[in-house]
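Reader: I have the sequence and the model open. Can we go through a few points, one by one?

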Amino acid sequence: MQPKLFHRTTAMLVGAAMLLGATLVASPAATAIQAPSGYALTFVSISPNNVSGPEGVAVDANGTLYIANTSQYNALKVTANGTTTQVAGMGDSGQSTAGPALDSLFGQLQGVAADSNGNFYLTEMSAGQIVKVTSGGTLSFIGSGFSSPRGIIFDSSGNLYIADTGNHKVKKMTPGGTITTIAGTGTAGAPTEGTATSSALRSPSGVAVDSSGNVYIADSGNHRIEKVTPEGVLSIIAGTGTSGAPTAGAATSSNLNYPRGVAVDASGNVFIADTLNNRIEKVTPGGILSIIAGTGTSGAPTVGDGASSKLWNPSGIAVDSNGIVYVADTGNSKIEKLVSSVSAPAAPTALSATPGDTTASVSFTASSDGGGAITKYQYTTNDGGSWTDAAAGTTSPLSITGLTNGTTYNIKIRAYNSAGGGAASSAVSVTPTAAVSAPSAPTSLGATPGAGSASITFTAGFNGGGEITKYQYTTNDGGSWTDAAAGTTSPLSITGLTNGTTYNIKIRAYNSAGGGSASASAVSVTPRTTPSAPTALFATPGNGSATISFAPGFDGGSSILRYAYSTDGGSNWDYLGLGDGSPQTITGLTNGTSYSIRLKAINLVGGGASSTDVPVTPRSVPWSPLLLEAIDGDTSASIVFTPGSDGGSAITKYQYQLDGGAWVDAVGTTSPIRISGLTNFTTYTVRLRAVNAAGAGSSVGWILTRPKSGGPTIGVAYSSGKQGAFVGFAFDRPAGSTLVGFTVRAYAKGTTTVVSSCQTLPNGRSCYIPSLTSGTEYDIRVQAYFTFAGETKVRASIESATSRVRVNS
């Protein structure tokens, strides 16, 4: 349900206007009020208490309050000391008349405003006109033809702004009486940001104006507050356009409900009489809305925290130069006062001062603002004997002007808010000096690259009459400037550069006047350092050499010229040939010797970091074996040899070749090597070579072998008498052969020297060997002889295994 409006004509309630002025005397109780909202609510004392349904309130420069006492059809004046006077109206409705203001009837009074000459003005809504009442009490008409005008306000130039509610416009009346429209098209509608006279309004009820000439509009029917600049540009500063309860935060995200009054203080804070929400809101210059009075429920107000007190259809609102807000609480027939519960600011700290030409720039760290916006800063040069407003601005640094060059000043500053001047800071000393011009450009630049840095030599230009405090450099032709490392003489050290990146550097000098001209031409430099270590080393052994593959590291910003290697942990380094890529080959090594090799890259700066070690043992293929003897076997041959050098890598196998055929892996890696699967009585040319990890070696020379059938088996061999030995044996002749006979030989022990022998016929299997020496040992071996069918050639078998016999003594 919509809250009940106090006034008899609900739709015609209107906001009040304001004028910056003096402060009414606060009641003693107000100073003790705790106000979490930031504002304490008290009542303006009006005696006799004959306020009824007030729609408008204004305050002039003398602290005098003017009230449009709507339900009583009159106007009241309340002085700063609380004296209340009826200054216009007989107290009954009717047609207003020029002449003594107290003798006139009035229709519905809405807005009220006061000028700087003690005159006040009223909007008579029902008559569509504006009346003026002089300080002597004479009433006259200054404007008519309006449609239900409500809020009015004067600016510092004497221009009067009028909320022409029924015409959906805001108008301006100059001191000469010329009336123009500053906002609205005359058609009710939603506002649009941009040219104010091209934007619709809907029943604007209240107006306010700040010291810069910006006009604020309570656009009641649109549930919004708009701002119009002196250039005529409209923007929305509060409200969503939808009626509803307000929310603290961004003002343009908060609902309002038919706001009828608007006021603005010296700091640019905007105060809203949010009529149908029964609340007063504050919007900071930063656009943040807070609720400073009203609970949202209509009812009787209470002294205390503003946001904890009820209101009832507040319509008029005004604010004085000290930020005290006055509210025409229409439904409660009261005028309330909202006083900021703000304390004086704390002292600024960390002062530093920069001298200028008859000026000083004072930097500082702001302290607590005491809960209220800082409106200005003041300074003193006589330890607080007197204080002077600093130049406009409420942030560090402050500009202090009008000083005398060469005179030393001890300056203190203090902040100012609605509670007054705060505590003074400690003093900072400064001596203004004559104007200094920016330095001229450095010349003759030269650059020496370093590791991530550059050293820039130059010839300094004119210092502009002031001390050079620093140099700056740019790498983007002045797009941005960076302070060089400490130092104000040539050369400058520039750090933080990227190795391998080419920079075109200009420099400039800096003094108290700022940055000077840039050097006319840039100097080019590419920072560089020694290369980083190669990684992922892999070594491939060679013949007296090693080939090292690797991943090159960063070249340090300068091309790699060559590599060096070390085999002793980095104590000594040998250069490789010119070249910057992988792999690199190291020669002059000894096969079979294990090496731990590390690499490093070399560029113009020098040798870089060394890699980790990679092991390698150089090697070649083995040398050829020396063939000594081929021992014929039964379908086999045993090749006796002396091994050649293994080439620095262990021999893993031997291979043989028969009659120039393919190479075949042999079994075993020591002499003799046995070759099997041969054909007996076939002559073979045999070659032999060794193989190691480096590959197969050479084969120098050959040897012949001719396998034979297996020989007889000696069954018994013993001394027979003192000069002979008896031998019995067995033999299986080869298939298809015919035995010819057997020869039994006695060899000198451990030799191939035949001492004596005997023969038998094909069917014989024993034989007596004569002519031996008693007491002597002999090696006895038997050999068979046979022919094959179709052949006449007698073939010999392999001799039997040796049987050793000692002839009896």
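Reader: What is the strand order in the open sheet of three strands?
Author: The model is predicted. In this open sheet, the pairing is antiparallel. The order is E37-E38-E41.

Reader: Which strands stand at the edges of this sheet?
Author: An edge strand has a single partner strand, so one side is left without a neighbour in the sheet. That holds for residues 443-450 and for residues 492-494. The edge strands are E37 and E41.

Reader: By how many degrees are neighbouring strands of this sheet turned against each other on average?
Author: Direction is ignored for this angle. The average is 25 degrees.

Reader: How many bridges join E37 to E38?
Author: Strand E38 covers residues 453-459 and runs antiparallel to E37. One bridge pairs Gly 450 with Ser 453 of E38. The number of bridges joining E37 to E38 is six.

Reader: Now to another strand. Is Thr 474 buried or exposed?
Author: Thr 474 lies in strand E39, residues 470-474. Its relative accessible area is 1%. Buried means under 20%, so Thr 474 counts as buried.

Reader: Which side chain makes a polar contact with the side chain of Thr 474?
Author: A polar atom of the Thr 474 side chain lies 2.8 Å from the backbone oxygen of Ser 480. That partner is a backbone atom. The side-chain partner, at 2.7 Å, is Asn 476.

Reader: Leaving aside neighbours within four places in sequence, which residues is Thr 474 in contact with?
Author: The list includes Gly 479, Ser 480 and Trp 481. It also holds Asn 504, Ile 505 and Lys 506. In full: Gly 479, Ser 480, Trp 481, Asn 504, Ile 505 and Lys 506.

Terms used
Residues numbered from 1 in each chain as written. Predicted model: local features only at pLDDT ≥ 70, side-chain atom pairs only at ≥ 80, totals over all residues. Heavy atoms only, no water. Helix = DSSP H or I, 4+ residues; strand = E, 2+ residues; numbered from the N terminus. Buried < 20%, exposed > 50% of the residue type's maximum accessible area, 1.4 Å probe, protein only. Polar contact = N/O pair within 3.5 Å; in protein donor to acceptor, adjacent residues only side chain to side chain. Contact = heavy atoms within 4.5 Å. Pairing = 2+ DSSP bridges. Axes fitted to C-alpha atoms, helices over the stretch in contact; angles between N-to-C directions.
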